[in-house]
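Visitor: Hi, could you walk me through this model while I look at it? I am new to this, so plain sentences would help.

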Amino acid sequence: MRKPFLITPVVRLRRAVSTWWTSRTAAAARLGLDRGMSTAEYAVGTIAACGFAALLFKVVTSSEVQEMLTTLVNRALNTAG
């Protein structure tokens, strides 16, 4: 005799969350709630990249870092030749 399949509470919760998520994303797609989201994300990413580039430029052009890089390059050239 075969035992009846029992649905555990974890399986029930997983199904409920999956159903809820599917209905939410379908409703958002119907209403067009995520229009422009990718444009905003690209804008924030571009601003963050520009800020990081400005910070990196400021660090690399500082006198201490330039001196360290010059010393490093000179050591590399002197050990090779």
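Guide: We can begin with the overall fold and then turn to the surface and the aromatic rings.

Guide: Please keep in mind from the start that this is a predicted model.

Visitor: Okay, how many helices and strands are there in the protein chain?

Guide: The protein chain has 3 helices and 0 strands, and if you follow the elements from the N terminus, they run α-α-α.

Visitor: And how much of the protein chain counts as buried?

Guide: Of its 81 residues, 1% count as buried, while the accessible surface of the protein chain comes to about 7800 Å², with 68% of that belonging to carbon and sulfur atoms.

Visitor: Which residues make the nonpolar surface patch?

Guide: The patch covers about 660 Å² and is made by Phe52, Leu55, Leu56, Val59, Val60, Leu69 and Leu72.

Visitor: Which helices supply at least two residues each?

Guide: Those are helix H2, spanning 37–60, and helix H3, spanning 63–80, and the largest share of the nonpolar patch, 5 residues, comes from H2.

Visitor: Where does Val60 lie, and what is its relative accessible area?

Guide: Val60 lies in helix H2, and its relative accessible area is 38%, which means that Val60 is partly exposed.

Visitor: Changing topic, how many aromatic pairs are there?

Guide: The count comes to 1 aromatic pair. The ring centres of Trp20 and Trp21 are 6.0 Å apart and their planes stand at 45 degrees, so this pair is described as tilted.

Visitor: Why is it tilted and not stacked or edge-to-face?

Guide: Stacked planes have to be under 30 degrees apart and edge-to-face planes over 60, so the 45 degrees between Trp20 and Trp21 makes the pair tilted.

Visitor: Are Trp20 and Trp21 exposed or partly exposed?

Guide: Trp20, at 49% relative accessibility, counts as partly exposed, whereas Trp21 is exposed, with a relative accessible area of 53%. The cut-off matters here, because exposed means over 50%.

Definitions and conventions: Residues are numbered from 1 along each chain as its sequence is written. This is a predicted model: local features need pLDDT of at least 70, side-chain atom pairs count only at pLDDT 80 or more; totals for chains, interfaces and linings use all residues. Side-chain values use heavy atoms; hydrogens and water are left out. Rings of Phe, Tyr and Trp (its six-membered ring) pair if their centres lie within 6.5 Å; planes under 30 degrees apart count as stacked, over 60 as edge-to-face and the rest as tilted. Buried means under 20% relative accessible area, exposed over 50%, partly exposed in between (1.4 Å probe, protein chains only). Helices (H or I, at least four residues) and strands (E, at least two) are DSSP runs, numbered from the N terminus. Accessible areas come from the Shrake-Rupley method with a 1.4 Å probe; for residues, only the protein chains shown count as cover. Patches are made of residues with over 30% relative accessible area and no salt bridge: like charges are joined within 9 Å, nonpolar side chains (Val, Leu, Ile, Met, Phe, Trp, Tyr) within 5 Å. A salt bridge is a side-chain nitrogen of Lys or Arg within 4 Å of a carboxyl oxygen of Asp or Glu.
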